[in-house]
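Reader: I am new to this protein and would like a close look at one part of it. Please put that part in the setting of the whole chain.

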Amino acid sequence: MTDPIEPVTNDKIYGMMAALQVSLRALTKSHPNPAALIFEFHQEHEETFALLVAQDIPDSVLESYRSMLFAISPNTDIAP
């Protein structure tokens, strides 16, 4: 018998990532200066990642952060 917890957790996480991506895409598209907004998202990511690296946390946390950030990034041609 397989453990039903893993798929349910993955499904919930996928649903949350999709909702966050839609929200970020809408914010980016409706922003008066989408390039500036994406630049700020990138700056915040760099700062947050540096703070996480400086902490005594498992590498799995860093990988999870990067994976989530990649998964929720808005689909756009504008890049920092």
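What share of the 80 residues in the protein chain is made up of buried residues? After that, please look closely at helix α2.

Author: This is a predicted model, in which local features need pLDDT of at least 70 and side-chain atom pairs count only at pLDDT 80 or more, while totals for chains, interfaces and linings use all residues. Residues are numbered from 1 along each chain as its sequence is written, and side-chain values use heavy atoms, with hydrogens and water left out.

Your share first. Buried residues make up 16% of the 80 residues. Buried means under 20% relative accessible area; exposed means over 50%, and partly exposed lies in between (1.4 Å probe, protein chains only). The chain has about 6300 Å² of accessible surface, and carbon and sulfur atoms hold 62% of it. Such areas come from the Shrake-Rupley method with a 1.4 Å probe; for residues, only the protein chains shown count as cover.

Now the layout. The chain has three helices and zero strands. Its order from the N terminus is α-α-α. Helices (H or I, at least four residues) and strands (E, at least two) are DSSP runs, numbered from the N terminus. Take the contacts between residues at least 6 apart in sequence: 62% of them join residues at least 24 apart. Contact means heavy atoms within 4.5 Å.

How sure is the predictor? pLDDT is its confidence in each residue, from 0 to 100. The chain averages 80, and 81% of the residues score at least 70. Confidence is highest in α2, at a mean of 90, and lowest in α1, at 78.

So to α2 itself. Its 21 residues should span 30 Å at 1.5 Å a residue, and its end C-alpha atoms are indeed 30 Å apart. The expected span is 1.5 Å times one less than the number of residues. The buried residues of α2 are L37, I38, H45, F49 and L52. They cover an arc of only 110° around the axis, which puts them on the same side of α2. The arc is that of the directions from the helix axis to the C-beta atoms. A general rule helps here. An α-helix has 3.6 residues a turn, so residues three or four places apart point the same way. On the other side of α2, L51 and A54 are exposed.

H45 deserves a stop. H45 counts as buried because its relative accessibility is 15%. Beyond its neighbours within four places in sequence, H45 is in contact with Y65 and L69. The side chains of H45 and Y65 also make a polar contact of 3.0 Å. A polar contact is a pair of N or O atoms within 3.5 Å; within protein, one must be able to donate a hydrogen and the other to accept it, and residues adjacent in sequence count only if both atoms are side-chain atoms.

Y65 leads to helix α3 (residues 59-72). The buried residues of α3 are L62, Y65 and I72. They fall within an arc of 115° seen down the axis, so they line one face of the helix. D59, S60, E63 and F70 are exposed on the other side of α3.

T28 gives the view from helix α1 (residues 5-30). T28 is buried, at 4% relative accessibility. Not counting residues up to four places away in sequence, T28 touches P34, L37, I38, F41 and P74. Two of those partners, L37 and I38, are among the buried residues of α2.

Note on methods:
pLDDT = per-residue confidence, 0-100.
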